[in-house]
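Work through the exercises below with the sequence and the model open. Try each task before reading its solution.

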Amino acid sequence: MDNVYVGIIGLGAIAETGHICHLHDSESVTIAAVVDLDINRAESIAEKYQIPHYFKEAETMFKQVTIDAVIICTPNQTHIPIAKLAVDQGIHVLMEKPIGTDLQDVNDYLELAKAKKVLTMVGMTHRFRHDTGILKKFAEQKAFGDIYYAKAKLFRRRGTPKGWFTNKALSGGGAMMDIGVHVLDLAWWLLGNPQVQSITGKTLNVLGNYQTKYTSSWESKNKQLNAEHVFDVEDFSSAWIRFKNGSVLSLEIAWAVNGEQDGNIDIELFGNKGGATLSPLTIFKEEDGLLSKTTPLYEKTEPFKAEIEHFIECVRTNTTPLIDGSDGYEVLKMIHGIYDSSTQNKEVSFD
Ligand SMILES: NC(=O)c1ccc[n+]([C@@H]2O[C@H](COP(=O)([O-])OP(=O)(O)OC[C@H]3O[C@@H](n4cnc5c(N)ncnc54)[C@H](O)[C@@H]3O)[C@@H](O)[C@H]2O)c1
């Protein structure tokens, strides 16, 4: 397949800043159609990027336009229902994170996709950064020996997104589901995707709908969903995850916290032969009795561009993506474990 015909569903903040521009610039892609519940937005995006078809509902696109792949950028709760429609027609899927909100629904989707032999990539953008790619290679080559402990953190001082993100019915969860999913996926991938054994988690809604002046944050483009102002999710979450190989991950996530703004994903890996921190990427070793600390040099990438190029190449060559649906499922399983542990006030175990 030389040219991939793509449909984009959900034309909000991330579709515009992360996906459409790169798809539009790609020589291997034709954007065949776009879909958004807000038909005016669909029309204006179609006009701006000279896309021949636009629709209000995904079903209509699937009936009327021939496409090879879809990119789903709608609110979390709608990912799986739309993805199921796509895979049922043999259409490959790249969906924004998280893969979905309900584990059984995600499992059903993955079964269907397997039967239909289509790809189920999830947009874990941070795996496509140069620094994380370098770190992954070091870990795979056992530069750190066996990694027994990892710490991963993302704290924002006042960075709670506005709109449906704080409405559990649409988002499936708060800070952990929204930004924690990136951090957890990245740390778990660097650890070598170990199987989870047990989780102790705590989630809290501490600052909620704060009225802090002169701050801004990510905002959904769907004004109707934003107007509802529902806030029934956590803005802070912390967890301790034990894996069956003996390693442990300590995770801290906050949309808003009374402490130092970080905004970057911080990861520390501790192995018996070395260690590393991110960001900036720093490698700690002991060689011939000498301690060293090195900071590899690399150019920064545009992760969304790399992610999309990877997906398109996987579609063209029918190759399993770097992050497919089964990884998305495992990460969602751990997020649910964190929520369950917090609700039950005890450690939860997995078979
Ligand atoms: N990878 C990242 O770093 C990153 C960053 C932000 C958001 N996201 C993810 O991207 C997705 C979208 O987030 P956003 O910030 O763009 O939200 P948004 O609200 O700005 O955009 C969502 C769009 O989908 C449309 N929509 C809603 N339901 C629909 C349906 N059933 N069919 C068609 N269109 C529908 C809305 O009208 C809206 O235009 C979420 O899953 C979010 O978690 C990822």
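Strands here are DSSP runs of E, at least two residues long, and are numbered from the N terminus. By that numbering, Asp-288 is found in the loop between β13 and β14. The model is a predicted one.

**Exercise 1. Overall fold**

Task: Determine how many helices and strands the protein has, and what its radius of gyration says about its overall form.

Solution:
- Step 1. Count the elements. The protein has 11 helices and 15 strands.
- Step 2. Check the radius of gyration. A compact globule of 351 residues would have a value near 20 Å; the protein has 20 Å, which agrees.
- Step 3. Look at the extent. Along the principal axes, the C-alpha atoms fill a box of roughly 65 × 45 × 45 Å.
- Step 4. Look inside. Of the 351 residues, 46% count as buried.
- Step 5. Sort the contacts. Among those with a separation of 6 or more, 77% join residues 24 or more positions apart.

**Exercise 2. The annotated domain**

Task: State which residues the UniProt domain annotation covers, and describe the chain there.

Solution:
- Step 1. Read the record. The unreviewed UniProt entry places "domain: Gfo/Idh/MocA-like oxidoreductase C-terminal" at residues 140–349.
- Step 2. Describe that stretch. Residues 140–349 are 29% helix and 27% strand. The end C-alpha atoms are 27 Å apart.

**Exercise 3. The two sides of α6**

Task: Work out which residues of helix α6 (residues 130–140) are buried, and which exposed residues its opposite face carries.

Solution:
- Step 1. Find the buried residues. They include Thr-132, Leu-135 and Phe-138.
- Step 2. Place them around the axis. These residues cover an arc of only 120 degrees, so they are on the same side of α6.
- Step 3. Recall the helix geometry. An α-helix has 3.6 residues a turn, so residues three or four places apart point the same way.
- Step 4. Turn to the other face. Lys-137 and Glu-140 are exposed there, away from the buried side.
- Step 5. Find the cover. α8 (175–190), β12 (274–278) and β13 (282–287) are among the elements that cover the buried residues of α6.
- Step 6. Go past the helix. Lys-142 follows α6 and has a positive phi, near 65 degrees.

**Exercise 4. From β12 to β14**

Task: Find the cis peptide bond at Leu-278, then say whether Asp-288 is buried or exposed.

Solution:
- Step 1. Start at Leu-278. A cis peptide bond joins Leu-278 to Ser-279, with omega about -5 degrees.
- Step 2. Move on one bond. The bond from Ser-279 to Pro-280 is cis, with omega near 5 degrees.
- Step 3. Locate them. Ser-279 is in the loop between β12 and β13, and Pro-280 is found in that loop.
- Step 4. Go to Asp-288. This residue is not a glycine, although its phi is positive, about 50 degrees.
- Step 5. Apply the cut-off. A residue with 12 or fewer other C-beta atoms within 10 Å is exposed. Asp-288 has 5 such neighbours, so it counts as exposed.
- Step 6. Continue into β14 (residues 290–294), where Lys-293 is found. Lys-293 is exposed, with 10 other C-beta atoms within 10 Å. Beyond its neighbours within four places in sequence, Lys-293 contacts Thr-282 and Phe-284.

**Exercise 5. The ligand shell**

Task: Name the residues that come nearest to the ligand, and sort the shell by residue type.

Solution:
- Step 1. Pick the nearest. Of the 28 residues around the ligand, these are Gly-10, Gly-12, Ile-14, Glu-96 and Ser-220.
- Step 2. Sort the shell. It divides into 11 nonpolar, 10 polar and seven charged residues.
- Step 3. Find the main contributor. Helix α1 (residues 13–25) gives the largest share, three residues.

How values were computed: Residues numbered from 1 in each chain as written. Predicted model: local features only at pLDDT ≥ 70, side-chain atom pairs only at ≥ 80, totals over all residues. UniProt positions renumbered as here; feature names shortened; annotations may be inferred. Helix = DSSP H or I, 4+ residues; strand = E, 2+ residues; numbered from the N terminus. Rg over C-alpha atoms; globule rule 2.2 N^0.38 Å. Buried ≥ 20, exposed ≤ 12 C-beta atoms within 10 Å, placed from the backbone. Contact = placed C-beta atoms within 7 Å. Arc of directions from axis to C-beta. Near = placed C-beta within 6 Å. Nonpolar A, V, L, I, M, F, W, Y, C, P; charged D, E, K, R; others polar.
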